[in-house]
Amino acid sequence: MEVLPRPVTHDDTGPQMWVDEAIWGHRLYDEQTPWLTMLEFLGVFHAEHAKGRALREDGMNTLSYQPQQQLRLRNILFNNPHVDTVRAGDESDDAMWARWLELMRNNAGGLDEPDFGYLRDRFESFQDFAAIISFLQSSAIEGGSNKRWSSKFVFPFGANALYEDASVQAKGSSVSNDRRFFARTGEILYLMLCRSRHADRLKEVLVERLFGVESPYDGLVAALQGETQHARNQRAGAFLPCSAHPVFDRMASDWLSILGLEMPVYDAIPHLVTMTGLHLLLYQLQRAAEVMGIGEPPQFVCEIVSPKRSVVRDISADSFQRNNALPQQAMERYILRIAETPEWGAALASEEPTTNALDLLAKEFDLADDVLEAEEGRRQPADLLAMLLDRANTRHKQHVGKIHGAWARFIGMSSRRASRRVRYAPTDRLLKTLVVCCVEVRMEYKDFLKLLHDRYGILVGNHQAARFIDSGQADKEDFSENARRLEDRLASLGLLKRLSDSCAYVESPFRKKVVQ
């Protein structure tokens, strides 16, 4: 695996220091949930597919794409309180259309000349039009959020429903892309799948499942939007430091497994979102372990929730805290190792150690000019290094350091239920996704537990908990009981059948197609 340097073409508007990005990429961001990451990915994938280069990099970290904006669609769905007002009035159909069109002409955002007259020819009545709006609003991703209207997203029914996050200040004003909710994590996901061993096959399956079949729901979205609207400029600047990684291959393999299920793609996408969240957590922790020089892969010791406090619950909480601290430790280690280099020693031995040390830090971590100017008065190189650590820690804790806690909760991996400490406690939704992803038809229960541990680091039963049992932290029975609770949970979900006291099988509710 090659670790790539920051591209020299990266513009001056980027980060003030290149530390977290050098380890994980530009960028992991806690406010971009796994769902929003998927939507950004799909927008990138569609734009690149239109250019005939989906899941293909002509050069490392050269991604540049032109996403859709679909401002008419967003105004109709999320900036349109007028439709309910008009619909409630006792007027003729023509009068309702005329009144609504006038209101939208005066209040739509981001459009120089708002004209929605084309809609009258596409719907039999205003009431039908309003009903379609209600349906699509109800399917919105994180529809209950209080985000501004230009940062709300319809379910990805097809190509017409894909667009980037945008900032719209006022009616008729210029529209710009916004990096708060589409913060490039979807671009990182795209590059990961580009660099997987399964990229070619995954591209074929994604195109076939997402764009190869005509979708009636996407047709409704197209009717509302009208002519496609694209961003005016290309979006560049994505960066992923690893030329290859086992996480990339496993994630692509899991995507193929889910897309091979005999289920509508609309039902498959939520499973893709959950597994993507899990793999990005694994990527963050495994990259941190690599920087720290830790040979063992990270583990998620999972408590299957019990009615009372257990030893496994305490070990699980410790496991969560250990993983939660790992990225920050890796970031600090990444900075401090410069003090072990010959270049740092040469700077200290020079006639101007502080100036030369500052120049070395600026070059190694790509410090912005304002950071350098603020630190010119430092007297000792050790002070400069302490300054950099302090600034990097503050920055890390704002977003990258929150990824583990926020995303583990989002995908259903962690919980505070019946406890003051957060620990790993998988929800039914996550368990179902793991089963449909990993089990083709059926699998013996003990083999399923082994697979979860070997593939994802998810530890439930006693056979995988030898480290804790041998060290005296737990008894074999503690983890055996934990595994029995998971068996009962899976059985209650219809995902497991016990044939005898010594034989239980995990069963997938879906049959998989053959995916070469």
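**Entry 1: α7 against α10**

I looked up which residues meet where these two helices touch: L189, M192 and L193 in α7 contact F248, M251, A252 and W255 in α10. I am working from a predicted model here. Sorting that contact by class gave me 7 nonpolar residues, with no polar and no charged ones.

Next I wanted the geometry. Two packed helices are described by the angle between their axes and the distance between the axes. For α7 (residues 185-194) and α10 (residues 246-259), I noted an angle of about 90° and axes 8 Å apart. I counted α7 as roughly perpendicular to α10, because angles of 65 to 115 degrees fall in that class.

**Entry 2: helix α9**

Which residues of α9 are buried? In this helix, which spans residues 216-225, I found D218, V221, A223, L224 and Q225 on that list. I then checked what they pack against, and the partners are α3 (71-78) and α6 (126-138). One backbone detail went into the margin: G226, just after α9, has a positive phi of about 80°.

**Entry 3: a sheet of 3 strands**

I moved on to the sheet and wrote down its strand order, β8-β11-β10. The sheet is open, and its pairing is antiparallel. Which strands sit at the edges? They are β8 (442-444) and β10 (496-500), each of which pairs on one side only. I also noted the turn between neighbouring strands, which is 25° on average with direction ignored.

**Entry 4: strand by strand**

I took the β8 side of the sheet before the β10 side. Strand β11 covers residues 503-507, and 3 bridges pair it with β8 in the antiparallel sense. If you want a pair to click on, R442 has E507 in β11 as its bridge partner.

How many bridges join β10 to β11? I counted 4, with the two strands running antiparallel. The pair to look at on this side is R498, whose bridge partner in β11 is A504. The connection from β10 to β11 is a hairpin, made through 2 residues.

A reminder to myself for viewing side chains: in a regular strand they alternate between the two faces of the sheet.

**Entry 5: a helix across the sheet**

Last, I asked which helix lies across β10 and β11. The helix is α21, residues 476-492, and I noted that it runs at about 115° to β10. That adds a helix to my sketch of the hairpin strands β10 and β11.

Terms used. Residues are numbered from 1 along each chain as its sequence is written. This is a predicted model: local features need pLDDT of at least 70, side-chain atom pairs count only at pLDDT 80 or more; totals for chains, interfaces and linings use all residues. Side-chain values use heavy atoms; hydrogens and water are left out. Two strands pair if DSSP finds at least two bridges between them. Axes are lines fitted to C-alpha atoms, for helices over the stretch in contact, and angles run from 0 to 180 degrees between N-to-C directions. Contact means heavy atoms within 4.5 Å. Buried means under 20% relative accessible area, exposed over 50%, partly exposed in between (1.4 Å probe, protein chains only). Angles under 35 degrees count as roughly parallel, over 145 as roughly antiparallel, 65 to 115 as roughly perpendicular and the rest as oblique. Ala, Val, Leu, Ile, Met, Phe, Trp, Tyr, Cys and Pro count as nonpolar, Asp, Glu, Lys and Arg as charged, and the others, Gly among them, as polar.
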